[in-house]
Amino acid sequence: LVAPSLDLRALELEVLESQVGGFYDPSSDTFYLMDQMKGSGAKVILAHEFTHALDDQLYDLDKILKTANEETDSELALRSVIEGSGMNLMTRWATAHVDEYSFADLLSLQSMGAEVLRRAPPLVWKPLLGTYTAGEAFLSHEAGKSKVVASDQIARAFREPPRSPEQILHP
């Protein structure tokens with residue numbers, strides 16, 4: 001899947017670093033916004049990361065992740081619910097505030113880390129991006145035809161989380 005000479009760990013870190021606009025750390029209850037995030041792009045990132053902070057207050061993200069018992073499949077499914085929740089609210093917020101964006105900010109946000117992703121084999125970036133896209137699709141599927149995920153549907157996904165990526169991909 002990759003050349004034997006590839007430093008996979010270094011490339012994974014480079015991909016992660018290139019993709020991060022901000023992050024929420026549940027172990028310290030701290031939110032970070034990267035210096036390069038400015039303007040309306042920063043507001044989109046804030047919507048996503050503040051969702052994690054709210055989910056942590058409601059569902060204790062560290063505790064939920066510990067239930068995976070260091071099982072990769074279980075953790076990937078849980079991370080998909082977490083990131084899907086962030087994507088759901090971020091998308092709803094972004095749609096409601098689309099008239100406030102500058103085109104340059106959106107273009108910058110969209111192209112963030114694109115060069116690093118082009119160089120990286122899919123093995124590196126697909127699981128990372130998949131937790132966001134598949135997680136959002138999983139929650140949208142749970143919402144049915146409306147595709148607007150209600151808070152009780154998100155609560156159920158956190159209370160009774162999927163145990164494997166198979167359940168995320170094929171709800």
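Helices (H or I, at least four residues) and strands (E, at least two) are DSSP runs, numbered from the N terminus. The model is predicted, so local features need pLDDT of at least 70 and side-chain atom pairs count only at pLDDT 80 or more, while totals for chains, interfaces and linings use all residues. Residues are numbered from 1 along each chain as its sequence is written, and side-chain values use heavy atoms, with hydrogens and water left out.

**Exercise 1. Positive phi values**

Task: Where is Glu70 placed, and what is the sign of its phi?

Solution:
- Step 1. Glu70 sits in the loop between H3 and H4.
- Step 2. The phi of Glu70 is near 60°, a positive value in a residue other than glycine.
- Step 3. Glu70 has a relative accessible area of 79%, so it is exposed; the classes are buried under 20% relative accessible area, exposed over 50%, and partly exposed in between (1.4 Å probe, protein chains only).
- Step 4. Now look at Asn69, which belongs to the loop between helix H3 (61–66) and helix H4 (72–96). Asn69 is not a glycine, yet its phi is positive, about 50°. With 58% relative accessibility, Asn69 counts as exposed.
- Step 5. Asp60, just after H2, also has a positive phi, about 55°.

**Exercise 2. Checking a helix length**

Task: How far apart are the end C-alpha atoms of helix H2, and what span is expected at 1.5 Å a residue?

Solution:
- Step 1. Helix H2 covers residues 39–59, which makes 21 residues.
- Step 2. The expected span is 1.5 Å times one less than the number of residues, so H2 should span 30 Å.
- Step 3. The end C-alpha atoms of H2 are 30 Å apart, which agrees.
- Step 4. In the loop between strand E2 (30–33) and H2 you will find Lys38. Lys38 is exposed, because its relative accessible area is 57%. Lys38 and Leu109 are 71 residues apart in sequence, while their C-alpha atoms are 9.6 Å apart in space.

**Exercise 3. Salt bridges within helices**

Task: How many salt bridges does the count come to, and which side chain does Arg79 meet in one?

Solution:
- Step 1. Apply the rule: a side-chain nitrogen of Lys or Arg within 4 Å of a carboxyl oxygen of Asp or Glu. The count comes to four salt bridges, including those in the steps below.
- Step 2. Arg79 meets Glu75 with an N to O distance of 2.8 Å. These residues are four apart in helix H4, so about one helical turn separates them. Arg79 is partly exposed at 37% relative accessibility, and Glu75 is partly exposed at 27%.
- Step 3. Arg9 and Glu12 form a salt bridge at 3.7 Å, N to O. Both lie in helix H1, three residues apart, or about one turn. Arg9 is exposed at 52%, whereas Glu12 is partly exposed at 29%.
- Step 4. Arg118 and Glu115 pair at 3.3 Å, N to O. Helix H6 (residues 114–119) holds both, three residues apart, about one turn of the helix. Arg118 is exposed at 62%, and Glu115 is partly exposed at 45%.

**Exercise 4. Two residues of H4**

Task: Is Ser80 buried or exposed, and which residues does Ser80 touch?

Solution:
- Step 1. Ser80 lies in helix H4 and counts as buried, because its relative accessibility is 4%.
- Step 2. The Ser80 side chain reaches the backbone oxygen of Leu76 at 2.9 Å.
- Step 3. Contact means heavy atoms within 4.5 Å. Leaving out residues up to four places away in sequence, Ser80 touches Thr131, Gly135 and Ile168.
- Step 4. Leu89 also lies in helix H4, but is partly exposed, with a relative accessible area of 35%. With the same sequence neighbours left out, up to four places away, Leu89 touches Ala47 and Thr51. The C-alpha atoms of Leu89 and Glu136 are separated by 9.6 Å, with their positions 47 residues apart along the chain.

**Exercise 5. A nonpolar patch**

Task: Which residues form a nonpolar patch on the surface?

Solution:
- Step 1. Patches take residues with over 30% relative accessible area and no salt bridge, joining like charges within 9 Å and nonpolar side chains (Val, Leu, Ile, Met, Phe, Trp, Tyr) within 5 Å.
- Step 2. Leu1, Val2, Leu6 and Leu123 form the patch, together having about 380 Å² of accessible area (Shrake-Rupley method, 1.4 Å probe; for residues, only the protein chains shown count as cover).
- Step 3. Leu6 lies in the segment before helix H1 (8–19), and is partly exposed at 32% relative accessibility.

Terms used: A polar contact is a pair of N or O atoms within 3.5 Å; within protein, one must be able to donate a hydrogen and the other to accept it, and residues adjacent in sequence count only if both atoms are side-chain atoms.
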